[in-house]
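Biologist: Could you take me through one part of this model up close, and then show me what else is worth a look around it? I'd like the detail rather than the overview.

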Amino acid sequence: MDRMDRMTTGESGAPPSAAFSFDSPLDVEKRRGVRRMKTIATALLLAVAVVYALATWARSAGAGGWAGYAAAAAEAGMVGALADWFAVTALFRRPMGLPIPHTAIIPTKKDQLGVSLGEFVGENFLSGDVVRQRLRTVGIGSRLGTWLAEPAHADRVTAELATALRGALRVLRDSDVQAVVGEAITRRADAQEIAPGLGKMLERIVADGGHRRVVDLVCLRAHDWLVEHNESVMEAVAGGAPGWTPRFVDKKVGERVYKELLRFVSEMRDMPAHPARGALDRFLTDFAGDLQSDTDTRTRVERLKTEVLGRGEVQDLIASAWASVRAMIVAAAEDERSELRLRARAAILSLGARLATEERLRAKVDGWLEDAAVYVVTTYRDEITSLITETVAGWDAEHTSRKIEAHIGRDLQFIRINGTVVGALAGLVIYTVSRLLGA
């Protein structure tokens, strides 16, 4: 019995530290419970053995018919206890260390069990229909909507999104992003001919009279400048006169030119129907048409575009735009009262309210989630099941057996106890029936 108890409790010649070096505290505690139940089951076996011995002695001593009944019940109880002890022990090790076939099932069949477990999970849990039905039963859209509709939850989600956004922007290197942005803008500009678009835009502006305010502003500023710099204008005109003309003639010509120029600008400023304005409208209209249809004009515009984009100042301006955008976004993400976070919070609350009340939106969200989950499951099912199989295959056989026994061994000991009790009752019934039939 000492050897049987030692093999049943899983003790070996190895030091305790080696036997349980990979066990968690929970495993150690569960193993203590298994040992207690094994002690109870073994004590019950010893008890029926003692009863059998005493009943057999009493029957031989002529104690009466009850001794036969007690001996038969105790004998059957011992048989049931030993049979169930063998069955339970054979799951984890070889009973009494004997090389009996089909024993130590878990250590010797560990890899096959891992394969079977992976196949079982793949067929019964990673099936598209099962996943879809389970998600449909859960109703994620409705639960998510109810959760997001709470202001406290919306604040939490907004804060987490802001933290994630700040982290992502700080992880990105400015040089990499600037290079990508500059290259993307330049490539897009090179691939897109801008002349026809500019022509259409200019055509609409002229047709709507949107350019007239610009003309008004130019005329106003030109008039003010002429009034402020009258001496400079007259000196410039006089200075361009031939050297043989008298000085007073140059001055008179300068004054005349200045007055005519000031009169022209004043009339153009004050007269919406001025001929110069009409001429400018016709020029802009013709230029808009050339931008759309004239090959030479479009070619010159494209050449100018390429030259402008190729300048270092323009590339630096494009690259520096990222730094400004990032600083603006980071500052908005850090400020709880910023427009960005307030709008994000309002959007989350609105989404939660709509998910909680709109059936069509909930159905659409649930459909997206189901499709995504089914895609992941069906696409990576083999990888998931192989993870289970490979993980089990990588376990140490002896340690695996001990770990499984620690988790289910306590319940298995009730099989031994039940086997003892049921065996005793069955033996008593059989002995009683035999006595009745014999009589």
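Which residues are buried in α9?

Modeller: Happy to, with the reminder that this is a predicted model. In α9 the buried residues are Ala-154, Val-157, Thr-158, Ala-162, Arg-166 and Leu-169. The helix itself runs over residues 151-171, which makes 21 residues, and its first and last C-alpha atoms are 30 Å apart, close to the 30 Å expected at 1.5 Å a residue. As for spacing, an α-helix has 3.6 residues a turn, so residues three or four places apart point the same way.

That spacing is handy elsewhere too. Take helix α14 (residues 247-270): Glu-267 and Arg-263 sit four residues apart there, separated by about one helical turn. They form a salt bridge, with 2.9 Å between the closest N and O atoms. Both ends are partly exposed, Glu-267 at 27% relative accessibility and Arg-263 at 40%.

Helix α15 (residues 275-293) gives you an aromatic version, with Phe-283 and Phe-287 four residues apart and again separated by about one helical turn. Their ring centres are 6.2 Å apart and the planes meet at 5°; planes under 30 degrees apart count as stacked, so this pair is stacked. Phe-283 is exposed, with a relative accessible area of 52%, while Phe-287 is partly exposed at 32%. The structure holds three aromatic pairs. Another of them joins Phe-120 and Phe-125, where the centres are 5.8 Å apart and the planes at 65°, so that one is edge-to-face. Here Phe-120 has a relative accessible area of 45% and is partly exposed, and Phe-125, at 49%, is partly exposed as well.

Back to charges: the count comes to 17 salt bridges. One of them links Arg-136 to Glu-370, with the closest N and O atoms 3.2 Å apart. Arg-136 is in helix α7 (residues 128-138) and Glu-370 in helix α19, so the pair ties together parts 234 residues apart in sequence. Glu-370 is buried, at 6% relative accessibility. The two don't act as an isolated pair, either: Arg-132, Arg-136, Glu-370 and Asp-371 are linked in a network of salt bridges.

Another salt bridge runs from Arg-298 to Glu-193, its closest N and O atoms being 2.8 Å apart. Arg-298 belongs to helix α16 (residues 295-310), whereas Glu-193 is in the loop between α10 (174-191) and α11 (195-208), so this pair ties together parts 105 residues apart in sequence. Arg-298 is partly exposed at 23%, and so is Glu-193 at 34%.

Helix α19 (residues 359-394) deserves a second visit, as Tyr-375 is found there too. Tyr-375 counts as exposed, at 52% relative accessibility. Together with Val-376, Tyr-380 and Ile-384, Tyr-375 makes a nonpolar surface patch of about 380 Å².

Lastly, the annotated stretches. The unreviewed UniProt entry lists residues 40-60, 66-92 and 414-433 under "transmembrane region". In the model, residues 66-92 are 100% helix, with end C-alpha atoms 40 Å apart; residues 414-433 are also 100% helix, and their end C-alpha atoms lie 28 Å apart. The loop between α4 (66-92) and α5 (105-108) contains Met-96, and His-102 lies in the loop between α4 and α5 too. Met-96 has a positive phi near 60° despite being a residue other than glycine, and His-102 likewise has a phi near 60°. Met-96 is partly exposed at 27%, whereas His-102 is exposed at 76%.

Notes: Residues are numbered from 1 along each chain as its sequence is written. This is a predicted model: local features need pLDDT of at least 70, side-chain atom pairs count only at pLDDT 80 or more; totals for chains, interfaces and linings use all residues. Side-chain values use heavy atoms; hydrogens and water are left out. Helices (H or I, at least four residues) and strands (E, at least two) are DSSP runs, numbered from the N terminus. The expected span of a helix is 1.5 Å times one less than its number of residues. Buried means under 20% relative accessible area, exposed over 50%, partly exposed in between (1.4 Å probe, protein chains only). Patches are made of residues with over 30% relative accessible area and no salt bridge: like charges are joined within 9 Å, nonpolar side chains (Val, Leu, Ile, Met, Phe, Trp, Tyr) within 5 Å. Accessible areas come from the Shrake-Rupley method with a 1.4 Å probe; for residues, only the protein chains shown count as cover. A salt bridge is a side-chain nitrogen of Lys or Arg within 4 Å of a carboxyl oxygen of Asp or Glu. Rings of Phe, Tyr and Trp (its six-membered ring) pair if their centres lie within 6.5 Å; planes under 30 degrees apart count as stacked, over 60 as edge-to-face and the rest as tilted. UniProt positions are given in the numbering used here, feature names are shortened, and annotations may be inferred rather than shown by experiment.
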